[in-house]
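Visitor: I'm new here and would love a close look at one part, the spot where two chains meet. Please walk me through it slowly.

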Amino acid sequence: MSEFDSLLQGMNLILTPGHIGLMVIGVLLGILVGVLPGLGAPNGVALLLPLTFTMSPVSAIILLSCMYWGALFGGSITSILFNIPGEPSSVATTFDGYPMAREGRAAEALTAAFSSALIGALAGVLLLTFLSTKIAAFAMSFSSPEFFAVYLLAFCTFIGMSKNPPLKTVVAMMIGFAMAAVGMDTVSGNLRLTFDQPILMTGISFEVAVIGLFGIGEILCTVEEGLVFRGEHARITPMVILRTWAKLPRYWWTIVRSTLVGCWMGITPGGPTAASFMSYSLARRFSKNRDNFGKGELEGVIAPETADHAAGTSALLPMLTLGIPGSATAAVMLGGLMIWGLHPGPTLFVEQHDFVWGLIASMYLGNVVSLIVVLATVPLFASILRIPFSIIAPIIIMVCAIGAYSVHNSFFDVVLMLGFGALGYLFKKLGYPIAPLVLAAVLGDKAEDAFRQSMLFSDGHLGIFWSNPLVGSLTTAALLMLFWPLISKALQTLMGLRKPQVVKPKSVL
Amino acid sequence: MSHSSDSPALVGTRWVELGLTVFTALIGVVVMYGSVEQGIGWGDAGPEPGYFPFYIGLMLSAASVANGVLTLVRWQALSIAFVSRSAFRQVLSVFIPIALFVAAMPLTGIYVASACFIAWFMWRDKVRAKPYGKLMIGTVSLGAVLASYLIFALWFKVPLDAGPMGDWIALAGRNFK
């Protein structure tokens with residue numbers, strides 16, 4: 001069956017009033033968590049997970065993925081109107097979005113942000129539509145060593161490409177792996193790392209960690225910074241929308257470049273945050289209006305937004321085909337898939353044909369729905385941010401606590417959430433990344449299984465990871481990525497010896 | 001909620017950095033210890049359960065120690081304040097109530113604890129020119145709790161522990177019928 005037929009079939013599946021209603025709810029909830037401080041796409045999805053257990057997987061993934069799109073859109077509202085990034089990935093949007101709002105061009109900035117975001121997202125979905133079956137078919141030939149090598153590549157890329165210190169990334173990641181190991185061993189059935197505490201038998205859920213690290217940790221940071229919401233007002237009229245749309249074609253090259261950057265960073269575990277920063281700095285470097293960047297340049301809004309959304313959607317490509325999420329939110333969704341009893345990876349495309357194509361079709365529709373909903377509801381969500389912090393904060397904390405409790409109906413999870421909250425605060429302040437921890441907590445068991453299977457094949461020799469050209473090149477690429485900071489430094493010194501002028505380091509990578 | 005940034009520093013960043021590396025190193029040690037208990041070698045059925053986690057613990061401890069060494073190397077540069085006293089007071093003024101809220105949840109049930117938590121948080125906010133009225137506090141806290149009951153317990157069938165209060169209401173309801 002061709003991709004197009006499958007897509008039509010998926011469209012057929014999701015074009016029901018119930019599913020479209022779920023989309024709108026998901027988008028609204030997503031914008032809400034994107035706008036509110038302390039809540040973001042990863043923990044929004046984690047909070048919603050327990051509520052989806054009674055739904056069919058297709059409905060559940062529509063709700064969760066639309067929440068993700070909504071959160072990506074919602075993050076731009078706060079960036080532009082309040083100069084507060086609701087999501088880490090929309091930090092780059094504040095650079096030019098907020099100055100535009102100060103000049104009274106908020107509606108123009110918002111329209112440009114949302115529209116370019118939609119273009120980026122649709123490009124990501126197109127990529128997903130036409131590449132995913134091919135990658136999945138290719139990955140069908142993978143066995144355990146190949147899978148472990150792919151996991152290794154993902155984790156090493158995180159370490160090597162992160163803007164956080166590599167050793168701190170390793171620490172965060174290993175804590176995630178350790179968390180995943182707590183509880184029943186999937187191979188032998190033994191209880192591990194529980195130290196005879198019955199409370200640890202079910203393991204430490206990644207949802208609880210996400211809610212604590214992102215939610216409570218973020219609230220504590222917000223309080224410490226003494227955040228004051230003083231935003232600009234915006235009313236989006238059809239006239240402004242049309243006028244802004246008329247301007248967009250002028251920036252086609254920026255959009256294309258940002259889309260490429262976004263898709264690449266989304267597929268590799270660079271994630272939307274790195275994508276938006278990189279796209280912004282590229283746009284500034286190549287723009288004719290370079291001097292106007294940071295003072296309210298439309299191009300400076302379009303570039304990060306396009307890349308952000310392109311990365312957000314294409315992050316689902318490795319998640320669906322290989323079982324490796326490209327962003328923290330995709331990691332949480334992957335965890336959800338496993339809880340629903342699905343096995344992310346190449347077999348998903350064969351066994352769960354309806355699910356996969358329902359999801360892909362819903363991504364086309366969901367992003368269009370997002371654009372309409374977000375354009376219509378900007379004033380509403382902007383007014384939510386004007387509610388005083390002393391009302392919003394306790395409600396957010398309550399929602400987090402209930403969310404953590406409802407994972408296993410256990411109060412111990414709420415205590416864990418609090419612990420993770422404190423850890424999240426320290427992590428943020430000291431430059432430890434949180435996303436690798438989440439990724440490792442979700443993938444830990446699968447990575448371990450793949451590793452142990454490989455060791456069984458080879459009788460404990462690591463040579464199996466170089467036993468054929470495919471697995472060998474994957475493993476070698478992983479090691480290259482791992483030592484990339486050292487390699488690039490060495491290269492820079494070599495270049496520096498040849499050319500005396502100092503190479504300005506990229507701010508993002 | 002603004003604070004003066006020039007208030008005295010509570011603790012240097014270096015001490016917090018060092019403390020966290022010690023903490024993560026200890027987690028690594030605990031993980032290794034737990035793995036050794038399970039056996040980290042090669043059993044009849046291939047790798048034993050502790051085989052993989054042991055190396056995770058080892059890498060965690062090693063990376064933590066390396067982070068600690070890096071902190072010591074940059075000891076002078078890291079003398080900057082981690083957090084000012086007044087900012088930390090703000091953080092504690094939120095963290096301690098959350099801790100109390102979490103501690104109260106098993107005793108009073110989720111609903112009562114949440115309502116009290118929200119009400120206290122609003123009542124305590126003296127930064128505002130005009131404090132919230134009693135009616136406002138009551139409406140917001142009870143409204144939020146009612147909404148969470150409707151959404152979680154009623155619509156999505158995720159039961160939330162209502163504590164003794166829930167038992168009383170259930171009992172009263174049964175007697176009423």
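Guide: Let's start with a crossing: helix 18 of chain A and helix 5 of chain B cross in a right-handed way (the near helix is turned clockwise from the far one by less than a right angle; anticlockwise would be left-handed). Bear in mind that this is a predicted model, where local features need pLDDT of at least 70 and side-chain atom pairs count only at pLDDT 80 or more, while totals for chains, interfaces and linings use all residues. Residues are numbered from 1 along each chain as its sequence is written, with chains lettered from A and ligands numbered from 1 in the order written.

The partners are residues 389-408 of chain A, which form helix 18, and residues 134-155 of chain B, which form helix 5 (helices are DSSP runs of H or I with at least four residues, strands are E runs of at least two, numbered from the N terminus). They pack at an angle of about 30°, and their axes are 11 Å apart (axes are lines fitted to C-alpha atoms over the stretch in contact, with angles from 0 to 180 degrees between N-to-C directions). That makes helix 18 of chain A roughly parallel to helix 5 of chain B, a label for angles under 35 degrees.

Who does the touching? From helix 18 of chain A come A:Ile391, A:Ile395, A:Met398, A:Ile402 and A:Ser406, and helix 5 of chain B brings B:Val140, B:Ala144, B:Ser148 and B:Phe152 (contact means C-beta atoms, placed from the backbone, within 7 Å). Sort the residues of this contact by class and you get seven nonpolar, two polar and no charged (Ala, Val, Leu, Ile, Met, Phe, Trp, Tyr, Cys and Pro are nonpolar, Asp, Glu, Lys and Arg charged, the others, Gly among them, polar).

Now step back to the whole meeting of the chains: 53 residues of chain A are in contact with 58 residues of chain B. On chain A's side, helix 8 (166-181), helix 9 (206-225), helix 18, helix 19 (411-430) and helix 20 (435-458) each supply at least two residues. Helix 18 of chain A gives the largest share of that side, twelve residues. By class, chain A's side has 38 nonpolar, eight polar and seven charged residues.

One last stop: A:Asn409 sits in the loop between helix 18 and helix 19 of chain A. Phi of A:Asn409 is near 50°, a positive value in a residue other than glycine. A:Asn409 counts as exposed because it has 12 C-beta neighbours inside 10 Å (12 or fewer is exposed, 20 or more buried, in between partly exposed).

Methods
Angles under 35 degrees count as roughly parallel, over 145 as roughly antiparallel, 65 to 115 as roughly perpendicular and the rest as oblique. Two residues are in contact if their C-beta atoms, placed from the backbone, lie within 7 Å.
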